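Biologist: Before I rely on any of the labels attached to this protein, I would like to go through them with you and hear what stands behind each one.

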Amino acid sequence: MVNQYLIDYYRIAFLSTKQKVTGGKLNLAKPVLLLSVISAIEDGLLADNRIHYQIVKPIYEELIQKVQNEPTPIKYPFYHLKSDGFWKMEWKSEVTQIPATPSDKFLREKLAYSMFDQALWDLLQDSDTRLYYRNAITSYYKMKIENK
C-alpha cells in the first residue's frame, strides 16, 4: 500500500532544502544532487541505502553543467545535505574529526557512504515515486533538463 502522506512529506522536504543564494540566484546544487541519486537508483547503481560518493559524482557533474553556469562541486551539496534532516553520512571508523566543509579527497577517502531515511529509500524503490519526485524537483526549481 502506497503511503501518500509519506510521499508528500519527502516531496516537501526535497523542495524545502536549505540552499545558498548568491547575487539573488538560488544555487541548485542540492536539488541536482537529489536528481543524481534518483538517477543512480533508477540505473541500479546503488543498493541497500548506501549512496556512494564516487558513483553519484559523474552523474551529478554532468547534470549540474546543464543547470548552472557556474557548477558547484559535488562536495558541497553531498556534505551539506545532512542539514536537511533526511540525509545521513556514515564515516569510516578511523575518522575522528570532520572539517566544517570536507574536501573532495576527504570525502573520497573517509566517507563510507551516505544514506536517506530508510522510509525515503523504500519509497525510491518504486519507479512511479522516483518519477513523481523527479518531476516535482524539476518543475519547482524550473530546471530545463530531460527526464528519463
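Modeller: Let us begin just after helix α2, which is followed by Gly-44, a residue whose phi is positive, near 75°. This is a predicted model, in which local features need pLDDT of at least 70, side-chain atom pairs count only at pLDDT 80 or more, and totals for chains, interfaces and linings use all residues. Residues are numbered from 1 along each chain as its sequence is written, and side-chain values use heavy atoms, with hydrogens and water left out.

Biologist: What makes α2 a helix of the expected span?

Modeller: Helices are DSSP runs of H or I with at least four residues, and strands are runs of E with at least two, both numbered from the N terminus. The expected span is 1.5 Å times one less than the number of residues; the 14 residues of α2 should therefore span 20 Å, and its end C-alpha atoms are 20 Å apart, which agrees.

Biologist: Why is α2 called roughly antiparallel to α7?

Modeller: The axes of α2 and α7 (residues 127-140) come within 10 Å and cross at roughly 160°. Axes here are lines fitted to C-alpha atoms, for helices over the stretch in contact, with angles from 0 to 180 degrees between N-to-C directions. Angles under 35 degrees count as roughly parallel, over 145 as roughly antiparallel, 65 to 115 as roughly perpendicular and the rest as oblique, so α2 is roughly antiparallel to α7.

Biologist: Which residues of α2 and α7 meet?

Modeller: Taking contact as heavy atoms within 4.5 Å, α2 residues including Pro-31, Leu-34 and Ile-38 meet α7 residues, among them Arg-130, Tyr-133 and Ile-137.

Biologist: Why is Thr-17 called buried?

Modeller: Buried means under 20% relative accessible area, exposed over 50%, and partly exposed in between, with a 1.4 Å probe and protein chains only. Thr-17 has a relative accessible area of 6%, so it is buried, although it is found in the loop between α1 (4-15) and β1 (21-22). Not counting residues up to four places away in sequence, Thr-17 touches Lys-30, Pro-31, Leu-34, Leu-81, Asp-84, Phe-86 and Tyr-141.

Biologist: How do you know whether Tyr-79 is buried or exposed?

Modeller: Tyr-79 has 8% relative accessibility and therefore counts as buried. Tyr-79 lies in helix α4, and its contacts beyond four places in sequence include Met-89, Trp-91 and Ile-98.
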